[in-house]
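Me: I have a model open and would like to understand the words people use for it. Could you take me through the reasoning?

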Amino acid sequence: MTLVCPDLAHDSIQQLPLISAVEVARAVSGLLSAKVGVKWPNDVLAGGRKLAGILVEASSRGSDTTALVGIGINVHHTEETLPLPTATSLALEGAADPDVAGLAVHVARGLSGTLESKPSMAEVVEQYRTWSEHAPGDRLRCRMGEDAVEGVFAGFAEDGSLRLEVQGRILTLRSSEIVET
C-alpha cells in the first residue's frame, strides 16, 4: 500500500520512517503469536524474519512537502513463494486469513494519529526503541552502497540514526542497511 502524507513539517519527514515502522509493527502484532519488532531503519520482523518493508519518498514544492509511504507486507506467501529465505508472511506466522483492508486502515489511522499528535523526535525514537530488534552489544554489519562496516550496536542517536561502535569509536549512521546480525 502507499499512503500519501501531505503538508508535512520538516521534523515530521525525518520521523516518518521510524513512525511508519512502529505503526506497522503495532498493527501486525495483534495478528501474530510470534514476536514482532523493527529492524533499523524500516523493516518489520516477525519471529526474527522480515515480514514488511517500508520506503518513504518526500517531495517539496515551495513550502509544501508531501511524502509517500510505501509499505509492503508479506501476506499469503508460503515458504516456496517468499521473496527471500530470511522472510516470512502473515500466513506463515499464523494469521490464516488476515483482513488486509482492515490492516491497511489500522496502519493508516495509526500513522495519521501519530503525525497529528506532533510528537517530539525524542518521543518517536523512544517508541522506536521499544520495538527495536537491536539490543546494546549486538554485533551488526551495515552496508552503505558498496561499503560495509561491522561493529557493536550502541543505541540510537537523538535523530533516530543508528550508533555503531567500531574499533572504540562511535559511528552515527544516518542511512544504511543492516545486512547481518
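Reply: Happy to! Strands here are DSSP runs of E with at least two residues, numbered from the N terminus. Gly151 lies in one of these, strand β7, which covers residues 147–156. Do keep in mind that this is a predicted model.

Me: Why is Gly151 called buried?

Reply: Buried means under 20% relative accessible area. Gly151 has 1%, so Gly151 counts as buried. Leaving aside residues up to four places away in sequence, Gly151 touches Asp138, Arg139, Leu140, Leu164, Glu165 and Val166.

Me: What makes α1 and α3 oblique to each other?

Reply: The axes of α1 (residues 10–29) and α3 (residues 121–131) cross at roughly 40° and come within 10 Å. Angles under 35 degrees would count as roughly parallel, and 65 to 115 as roughly perpendicular. The crossing falls in neither range, and the pair is therefore oblique. The crossing is also left-handed.

Me: Which residues make the contact between α1 and α3?

Reply: From α1, they include Leu18, Ile19, Val22 and Arg26, and from α3, Val124, Tyr128 and Trp131 are among them. The residues of this contact divide into 10 nonpolar, four polar and one charged.

Me: Which residues touch the most other members of the largest nonpolar core?

Reply: Val24, Val28, Val44, Ile73, Leu90 and Leu162 do, out of 48 residues in that core. Helix α1 gives the most to this core, with 10 residues. As for Leu90, its contacts include Val28, Leu31, Leu51, Ile73 and Leu103, not counting residues up to four places away in sequence.

Conventions: Residues numbered from 1 in each chain as written. Predicted model: local features only at pLDDT ≥ 70, side-chain atom pairs only at ≥ 80, totals over all residues. Heavy atoms only, no water. Axes fitted to C-alpha atoms, helices over the stretch in contact; angles between N-to-C directions. Helix = DSSP H or I, 4+ residues; strand = E, 2+ residues; numbered from the N terminus. Parallel < 35°, antiparallel > 145°, perpendicular 65-115°, else oblique. Left-handed = near helix turned anticlockwise from the far one by under 90°. Contact = heavy atoms within 4.5 Å. Nonpolar A, V, L, I, M, F, W, Y, C, P; charged D, E, K, R; others polar. Core = buried A, V, L, I, M, F, W, Y, C linked by side-chain atoms within 4.5 Å. Buried < 20%, exposed > 50% of the residue type's maximum accessible area, 1.4 Å probe, protein only.
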